[in-house]
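The exercises below are meant to be worked with the sequence and the structure side by side. Each task is followed by a solution that proceeds step by step.

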Amino acid sequence: MVTVTAPTPDADGHTVSPDAGALVVDRRSGKMGVVMGHVGTYVQLRPPRGGREWDVLPEDVRTPTPTEELSAKVAVANRRWGR
């Protein structure tokens, strides 16, 4: 299950990392990723269809647009059905 949780600033204005399982977009590369966890100051992302994880700073992730989110969910569903 892929959920969407936007990174939000805390009371001091610092970016708070999204929770594991959140669907986000890496602003640097434009790639969509699911948050797998956190290591140090980095957020670990993995492509929605699976693959190799990569690290990104919390301020470099954003919430996907509705179109991006739907596209990622369709890709995951298609993989399940072998398409």
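**Exercise 1. Is Gly 40 buried or exposed, and where does Gly 40 lie?**

Solution. Begin with the accessible area: the relative value for Gly 40 is 77%, and since exposed means over 50%, Gly 40 counts as exposed. Next, place the residue in the chain of this predicted model: Gly 40 lies in the loop between strand 4 and strand 5. That hairpin has two residues between its strands, and within the hairpin Gly 40 takes a positive phi near 60°. Finally, look across the fold, where Gly 40 and Leu 57, although 17 residues apart in sequence, have C-alpha atoms 9.8 Å apart in space.

**Exercise 2. Describe the secondary structure of the protein chain and the order of strands in its open sheet.**

Solution. The first step is to list the elements, which come to one helix and seven strands, following the pattern β-β-β-β-β-β-β-α along the sequence. The second step is to trace the open sheet, in which five strands stand in the order 6-5-4-3-7 with antiparallel pairing. The edges of this sheet are strand 6 (54-56) and strand 7 (61-62), each of which pairs on one side only.

The third step is to examine the pairings within the sheet. Strand 4 (residues 32-39) and strand 5 (residues 42-46) run antiparallel and are joined by five bridges; among the bridge partners, Val 35 is matched with Leu 45 in strand 5, and Gly 37 with Gln 44 in strand 5. Strand 3 and strand 4 pair in the antiparallel sense over three bridges, with Gly 33 in strand 4 as the bridge partner of Val 24. The hairpin of strand 3 and strand 4 has five residues between the strands, and there Gly 30 takes a positive phi near 80°. Strand 3 is also joined to strand 7 by two bridges, again in the antiparallel sense, and Asp 26 stands opposite Val 61 in strand 7.

**Exercise 3. Which way do the residues of strand 3 point, and which residues make up the largest nonpolar core?**

Solution. Start from a general expectation: in a regular strand, side chains alternate between the two faces of the sheet. In strand 3 (residues 23-26), Leu 23 and Val 25 point one way, whereas Val 24 and Asp 26 point the other way, and all are buried.

Now turn to the cores. The largest nonpolar core has eight residues, namely Ala 22, Val 24, Val 35, Val 43, Leu 45, Trp 54, Val 56 and Val 61. Strand 5 and strand 6 each supply at least two residues of this core. Apart from it lies another core, of five residues, including Leu 23, Val 25, Met 32 and Val 34. Over the protein chain, 27% of the 83 residues count as buried.

**Exercise 4. Where is Arg 28 found, and which residues does Arg 28 touch?**

Solution. Arg 28 is found in the loop between strand 3 and strand 4. Its relative accessible area is 52%, so that Arg 28 is exposed by the criterion of over 50%. Leaving aside residues up to four places away in sequence, Arg 28 touches Trp 54, Asp 55, Val 56 and Asp 60. The C-alpha atoms of Arg 28 and Val 61 are 8.3 Å apart in space, with 33 residues of separation in sequence.

**Exercise 5. What span should helix 1 have, and what follows the helix?**

Solution. Helix 1 covers residues 66-80, which is 15 residues, and at 1.5 Å a residue it should span 21 Å. The C-alpha atoms at its ends are 21 Å apart, which agrees with the expected span. Helix 1 is followed by Gly 82, whose phi is positive, near 75°.

**Exercise 6. What is the mean pLDDT of the protein chain, and where does pLDDT stay under 50?**

Solution. The mean pLDDT of the protein chain is 83, and 78% of its residues reach 70 or more. Over residues 1-7, by contrast, pLDDT stays under 50, and for this stretch the model has 23 contacts beyond four places in sequence. For the protein chain, residues 24 or more positions apart account for 36% of the contacts with a separation of 6 or more.

Conventions: Residues are numbered from 1 along each chain as its sequence is written. Side-chain values use heavy atoms; hydrogens and water are left out. Helices (H or I, at least four residues) and strands (E, at least two) are DSSP runs, numbered from the N terminus. The expected span of a helix is 1.5 Å times one less than its number of residues. Two strands pair if DSSP finds at least two bridges between them. pLDDT is the predictor's confidence in each residue, from 0 to 100. Contact means heavy atoms within 4.5 Å. A nonpolar core is a set of buried Ala, Val, Leu, Ile, Met, Phe, Trp, Tyr and Cys residues joined through side-chain atoms within 4.5 Å. Buried means under 20% relative accessible area, exposed over 50%, partly exposed in between (1.4 Å probe, protein chains only).
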